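Open the model in a viewer and keep the selection tool at hand. The stops below go from the whole chain to single residues.

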Amino acid sequence: MATDYDAPRKTDDELSEDSIEELKNRRVDKRASSVDVDETEQAEGFELPGADLSGEELSVRVLPRQADEFTCSRCFLVHHRSQLASEKGGVLVCTECAA
């Protein structure tokens, strides 16, 4: 919505002259324009074509944690030792969680 900044503005007297009925109508119009939609209900009826992955088998090789890596005690992600922010009492925290 474009705003014309050069247009004359209403004074305080003109603003107080707005009728209560006009203000009520504006408020009702704003409420009518918003739509209450339940996103989860809408998403249940939406299906992607070929989205049935129940028969799929993943073929990803998972490596165990290496000697130069640690598991963050807050986000539980495996990071390289260079991302270690603090180590207190065996509690390891990465730089992202420490920030």
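A residue counts as buried under 20% relative accessible area, as exposed over 50%, and as partly exposed in between. Cys-75, with a relative accessible area of 29%, is therefore partly exposed. Keep these cut-offs in mind for the other stops. The model is a predicted one.

**Whole chain.** Colour by secondary structure. The chain has 4 helices and 4 strands, and from the N terminus the order is α-α-α-β-β-β-β-α. Switch to a surface: about 9,700 Å² is exposed, 51% of it supplied by carbon and sulfur atoms. Of the 99 residues, 7% are buried. Among contacts with a separation of 6 or more, 6% are between residues 24 or more positions apart.

**The loop before β1.** Select Leu-58, in the loop between α3 (39–44) and β1 (69–71). Is Leu-58 buried or exposed? Its relative accessibility is 78%, so Leu-58 counts as exposed. Add Val-60 and Val-62 to the selection; with Leu-58 they make a nonpolar surface patch of about 390 Å².

**The loop between β1 and β2.** Move on to Phe-76, which is found in this loop. Its phi is positive, about 60°, although Phe-76 is not a glycine. The relative accessible area of Phe-76 is 62%, over the 50% cut-off, so the residue is exposed.

**Strand β2.** Select His-79, within residues 78–80 of this strand. With a relative accessible area of 9%, which is under 20%, His-79 is buried. Which residues does His-79 touch beyond its neighbours within four places in sequence? They are Asp-68, Glu-69, Phe-70, Cys-72 and Cys-94. Now show the side chain of Gln-83 as well: a polar contact of 2.7 Å joins it to the side chain of His-79.

**The cysteines.** Show the cysteine sulfurs. How many disulfides does a search of the whole structure find? The search finds 0. Return to Cys-75, which is in no disulfide: its nearest cysteine sulfur belongs to Cys-72 and is 3.7 Å away. A disulfide needs sulfur atoms within 2.5 Å, so this pair does not count as one. Cys-97 is likewise in no disulfide, and the nearest cysteine sulfur, that of Cys-94, lies 3.6 Å away. At 22% relative accessibility, Cys-97 counts as partly exposed. To finish, select Cys-72 and Cys-94 together with His-79, since both cysteines are among the contacts of that buried histidine.

Definitions and conventions: Residues numbered from 1 in each chain as written. Predicted model: local features only at pLDDT ≥ 70, side-chain atom pairs only at ≥ 80, totals over all residues. Heavy atoms only, no water. Helix = DSSP H or I, 4+ residues; strand = E, 2+ residues; numbered from the N terminus. Buried < 20%, exposed > 50% of the residue type's maximum accessible area, 1.4 Å probe, protein only. Contact = heavy atoms within 4.5 Å. Areas by Shrake-Rupley, 256 points an atom, 1.4 Å probe, with all protein chains shown as cover. Patch = residues over 30% accessible without salt bridge, like charges linked within 9 Å, V, L, I, M, F, W, Y side chains within 5 Å. Salt bridge = Lys/Arg side-chain N within 4 Å of Asp/Glu carboxyl O. Polar contact = N/O pair within 3.5 Å; in protein donor to acceptor, adjacent residues only side chain to side chain.
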